[in-house]
Amino acid sequence: MPRMPPLRLLSVIALCAALLAACDKPALPTAPLGDHAVLEQLAEAYKQTLQEAPTAPRAMRPAGRLMFVEQVFRDAGYDYAATLAALAEGLDAGNKDQRDLAELVSLPFSRLSDAALDEILSGDRLQHARQLRQRLKQ
């Protein structure tokens with residue numbers, strides 16, 4: 001007769017499954033578009049994150065810039081991917097605060113070819129990055 005796994009093992013497996021499911025949902029909110037106070041929060045988080053960085057973000061490789069900007073958003077209390085999606089879908093290019101936010105969000109993929117963009121982003125993030133690029137060109 002096969003031996004049943006210990007109850008503790010089943011509990012650990014259930015906990016791991018719950019944690020993986022939670023990873024699909026953004027734990028932090030989208031940065032409000034066009035809110036100047038949010039830009040100030042992000043600027044402060046940028047300065048703090050910059051102190052911990054080995055080099056300036058523009059000198060980093062694209063994947064490093066992405067990690068840097070994601071950390072800035074986390075430190076400010078916002079979700080980078082959700083903000084990227086919101087800007088891709090509803091950027092008001094006439095709003096200076098939204099353009100400034102879009103500049104920060106697009107820092108990881110600024111001046112990248114489409115092929116290089118494919119190397120650092122995938123799925124929805126890749127699609128949103130392409131949409132944001134188009135909106136910024138208009």
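Of the 138 residues of the protein chain, 34% count as buried. The model is predicted. The protein chain exposes about 8,800 Å². Carbon and sulfur atoms supply 57% of that area. The chain has seven helices and zero strands. Read along the sequence, the pattern is α-α-α-α-α-α-α. Contacts between residues at least 6 apart in sequence were also examined. Of these, 66% join residues at least 24 apart.

The largest nonpolar core has 33 residues. The residues with the most contacts inside this core are Leu42, Phe73, Tyr80, Val105, Phe109, Leu121 and Leu132. Six helices each supply at least two residues of the core: α2 (36–52), α3 (62–76), α4 (80–90), α5 (96–105), α6 (114–120) and α7 (123–137). Helix α3 gives the most, with six residues.

Leu121 is among the core residues with the most contacts. Residues up to four places away in sequence were not counted for its neighbours. Beyond them, Leu121 touches Leu66, Phe109, Leu126 and Ala129. Phe109 is itself on the list of core residues with the most contacts.

Ala63 can be placed relative to Leu121. Ala63 lies in helix α3. The two residues are 58 residues apart along the chain. Their C-alpha atoms are separated by 8.9 Å. Ala63 has a relative accessibility of 42%, so it counts as partly exposed. The limits for this class are 20% and 50%.

The pair α3 and α5 was examined next. Two packed helices are described by the angle between their axes and the distance between the axes. The axes of α3 and α5 come within 10 Å. They cross at roughly 130°. This angle lies between the limits of 115 and 145 degrees. The two helices are therefore oblique to each other. On the α3 side, the residues are Val69, Val72 and Phe73. They meet Leu101, Leu104 and Val105 in α5. The residues of this contact divide into six nonpolar, no polar and no charged. Phe73 and Val105 also appear among the core residues with the most contacts.

Thr83 is in helix α4. Its relative accessibility is 0%, so Thr83 counts as buried. Neighbours within four places in sequence were left aside. Beyond them, Thr83 is in contact with Thr30, Ala31, Phe73, Leu101 and Val105. Among these partners, Phe73 belongs to the α3 side of the contact between α3 and α5. Leu101 and Val105 belong to the α5 side.

Gln127 is found in helix α7. Gln127 is partly exposed, with a relative accessible area of 44%. Gln127 and Ala88 are 39 residues apart along the chain. Their C-alpha atoms are separated by 8.7 Å.

Arg111 is found in the loop between α5 and α6. Arg111 has a positive phi of about 60°. Arg111 is not a glycine. Its relative accessibility is 68%, so Arg111 counts as exposed. The limit for that class is over 50%. Thr83, by contrast, counts as buried at 0%.

How values were computed
Residues are numbered from 1 along each chain as its sequence is written. This is a predicted model: local features need pLDDT of at least 70, side-chain atom pairs count only at pLDDT 80 or more; totals for chains, interfaces and linings use all residues. Side-chain values use heavy atoms; hydrogens and water are left out. Helices (H or I, at least four residues) and strands (E, at least two) are DSSP runs, numbered from the N terminus. Buried means under 20% relative accessible area, exposed over 50%, partly exposed in between (1.4 Å probe, protein chains only). Contact means heavy atoms within 4.5 Å. Accessible areas come from the Shrake-Rupley method with a 1.4 Å probe; for residues, only the protein chains shown count as cover. A nonpolar core is a set of buried Ala, Val, Leu, Ile, Met, Phe, Trp, Tyr and Cys residues joined through side-chain atoms within 4.5 Å. Axes are lines fitted to C-alpha atoms, for helices over the stretch in contact, and angles run from 0 to 180 degrees between N-to-C directions. Angles under 35 degrees count as roughly parallel, over 145 as roughly antiparallel, 65 to 115 as roughly perpendicular and the rest as oblique. Ala, Val, Leu, Ile, Met, Phe, Trp, Tyr, Cys and Pro count as nonpolar, Asp, Glu, Lys and Arg as charged, and the others, Gly among them, as polar.
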